[in-house]
Each structure stands twice: as structure tokens, then as C-alpha cells.
Amino acid sequence: MVIKVFVATSSGSIAIRKKQQEVVGFLEANKIDFKEFDIAGDEGNRRWMRENVPGEKKPQNGIPLPPQIFNEEQYCGDFDSFFSAKEENIIYSFLGLAPPPGSKVTKSPEEASSLPNGDVAGETQSNTEGTEKAEESGQHEAQKEGKEDASDLTRSPEKNEEEGETATEETEEITAEGAEGEADEAEADEAEAAEAEAEEAEAEAEKGEEAGPGEEEGEEEEDS
């Protein structure tokens with residue numbers, strides 16, 4: 001099968017020339033066999049192209065513009081259809097050709113294989129991937145929560161130990177303050193006792209001094 005590309009080599013439209021060059025360049029780069037048909041210098045080519053473009057694909061004026069692409073007698077599409085197929089990576093399906101071995105080509109929606117239950121294989125695979133990702137996400141979250149809980153448990157003994165050390169320090173401070181207070185009170189009591197003893201001694205001394213002269217006078221009277 002040969003791809004037919006209808007072009008107008010002498011077209012005065014720059015846009016048409018660019019579109020034709022893009023189609024031809026792509027086919028050459030991908031080594032796809034094709035043949036150009038010039039409608040500008042061959043009335044037969046022009047007539048054949050216009051007659052074989054489906055009516056629903058023709059513009060409102062009924063005259064399709066190049067480039068137009070065919071696979072032998074089968075119509076493939078115009079430039080816009082070609083561009084969309086290239087962007088969606090379904091160019092071989094668009095051209096009606098089998099993709100070369102080893103090429104990564106996305107099948108068109110019409111060619112997508114359906115499963116027995118009516119689901120499309122691509123959609124099933126996508127849903128499966130989504131489910132697997134959701135499960136993986138849930139596992140990651142569970143593992144993260146488990147690690148956080150373990151981290152909290154690891155921190156708890158350290159926190160309790162710190163609180164215990166703080167309480168011990170406070171108890172030691174209170175004990176030390178109490179001991180200092182008791183020592184101060186003992187010293188005060190001793191000082192008061194010493195003062196009281198000193199006062200008593202002074203009082204006894206004064207009494208002794210007062211009693212001394214009276215005794216001396218009595219002794220003198222006895223002598224006389």
C-alpha cells in the first residue's frame with residue numbers, strides 16, 4: 001500500500017505550502033512510503049482528489065484544499081486530521097498502516113480492545129493503576145503514623161526522666177532551705193540562751209556586791 005499525498009506545488013498560499021512541507025517531511029523522516037500528486041499542473045489529479053474526498057469532509061464551498069492524504073483509494077484525512085493523529089501518536093492508525101516493530105504507538109479509540117464485560121482495556125489498566133496508587137498512598141500514611149507514634153513513645157521516657165530530674169532538684173532545694181532555716185533558728189536560740197546566762201550572772205554579781213557591805217558592818221559590831 002502506498003500513501004498518496006495530493007499537493008499544489010505552485011500554490012500562492014504560504015499556509016498551504018507549510019502544511020504540505022510538514023506532511024511530506026514527517027513521512028520522509030519516518031521512512032513511510034508515499035507518493036506526491038500535484039493538482040496544480042494536472043487536472044486529472046485535481047478531479048480525482050475532489051471526487052474522492054468524502055462530502056462530510058469537504059469545506060462549505062465544496063472544494064477541498066491540499067494537502068489531502070489517501071491510502072491507495074481510501075481517504076485518510078486533511079492536514080488538521082493528520083496533525084491531530086500525530087499529536088495523539090496514532091499516525092499509523094490514521095494512515096491505515098501497521099506500526100513498525102518496536103514502535104510505541106497508541107491505538108485509536110476504535111481499535112482499543114474491549115474486555116468481555118464491555119470495559120476498555122486502557123480504562124481498566126488506568127483504574128487498576130489508580131487503585132494501586134491509592135493503596136500505596138494509604139500504606140505510606142499508615143507507616144508515617146506508626147513512625148510518629150513510635151517517636152512519641154521514644155520521647156516519653158526521656159520527657160519523664162527530665163521531669164523526674166526537675167522534681168528531684170526542686171526537692172533538694174527545699175530540703176536545703178529547710179536545713180538552713182533550722183540552723184539559723186538553732187543559732188538564734190543559742191544566742192538568746194547565752195544572753196540570758198550573761199544577764200543572770202550580772203544580776204548575781206550585783207546582789208553579791210549589795211550584800212557585801214552589810215556583812216562587813218556586822219562583823220565590826222561583834223568585834224566591838
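Two strands count as paired when DSSP finds at least two bridges between them. With that in hand, welcome to this predicted model, whose protein chain has 5 helices and 4 strands. Along the sequence, these elements follow the pattern β-α-β-α-β-β-α-α-α. Of the 224 residues in the protein chain, 17% are buried. The points below start with the hairpin, then move on to backbone geometry, charge pairs and the surface.

**The hairpin of S3 and S4**

- Strand S3 (residues 68-71) and strand S4 (residues 74-78) run antiparallel and are joined by 4 bridges.
- Here the pairing cut-off of at least two bridges is satisfied, because the pair has 4 bridges.
- Asn71 faces Gln74 of S4 across the pairing.
- The hairpin has 2 residues between its strands, and Glu72 takes a positive phi near 55° there.
- Glu73 also lies in the loop between S3 and S4, and Glu73 counts as exposed because its relative accessibility is 51%, against a cut-off of over 50%.

**Backbone geometry worth a look**

- As background for this group, most residues other than glycine have a negative phi, and most peptide bonds are trans.
- Pro66 and Pro67 are joined by a cis peptide bond, with omega at about 0°.
- Pro67 sits in the loop that runs between helix H2 (43-52) and S3.
- Pro66 also has a partner from elsewhere in the sequence: its C-alpha atom is separated by 6.8 Å from that of Ile16, although the two residues are 50 residues apart along the chain.
- Ile16 belongs to helix H1, and Ile16 counts as buried because its relative accessibility is 13%, where buried means under 20%.
- Lys31 is not a glycine, yet Lys31 has a positive phi of about 55°.
- You will find Lys31 in the loop between helix H1 (14-29) and strand S2 (34-38), where a relative accessibility of 74% makes Lys31 exposed.
- Asn89 is another residue other than glycine with a positive phi, in this case near 60°.
- The loop between helix H3 (79-87) and helix H4 (91-95) holds Asn89, which counts as partly exposed at 33% relative accessibility.

**Salt bridges**

- Side chains of opposite charge can pair when their charged atoms come close.
- Searching the whole structure gives 3 salt bridges.
- One of them brings together the side chains of Glu73 and Lys4, with an N to O distance of 3.6 Å.
- Because Glu73 is in the loop between S3 and S4 while Lys4 is in strand S1 (residues 3-7), this pair ties together parts that are 69 residues apart in sequence.
- Exposed or buried: which describes Lys4? Lys4 is buried, with a relative accessible area of 14%, whereas its partner Glu73 counts as exposed at 51%.
- Another salt bridge joins the side chains of Glu22 and Lys86 at 2.8 Å, N to O.
- That pair links distant parts of the chain, with Glu22 in helix H1 and Lys86 in helix H3, 64 residues apart.
- Glu22 counts as partly exposed at 30% relative accessibility, and Lys86 counts as partly exposed at 24%.
- Arg46 and Glu43 also meet through their side chains in a salt bridge, at 2.7 Å, N to O.
- Arg46 and Glu43 are both in helix H2, 3 residues apart, which is about one turn of the helix.
- Arg46 is partly exposed at 22% relative accessibility, and Glu43 is partly exposed with a relative accessible area of 40%.

**A negative patch on helix H5**

- Which residues form a negative surface patch? The patch is made up of Glu192, Glu195, Glu197, Glu199, Glu200, Glu202 and Glu204.
- Glu197, one of these residues, lies in helix H5 (residues 121-223).
- Glu197 counts as exposed because its relative accessibility is 55%, and the cut-off for exposed is over 50%.

Technical notes: Residues numbered from 1 in each chain as written. Predicted model: local features only at pLDDT ≥ 70, side-chain atom pairs only at ≥ 80, totals over all residues. Heavy atoms only, no water. Patch = residues over 30% accessible without salt bridge, like charges linked within 9 Å, V, L, I, M, F, W, Y side chains within 5 Å. Areas by Shrake-Rupley, 256 points an atom, 1.4 Å probe, with all protein chains shown as cover. Salt bridge = Lys/Arg side-chain N within 4 Å of Asp/Glu carboxyl O. Lys, Arg positive; Asp, Glu negative; His and termini not counted. Charge placed at Lys NZ, Arg CZ, Asp CG, Glu CD. Buried < 20%, exposed > 50% of the residue type's maximum accessible area, 1.4 Å probe, protein only.
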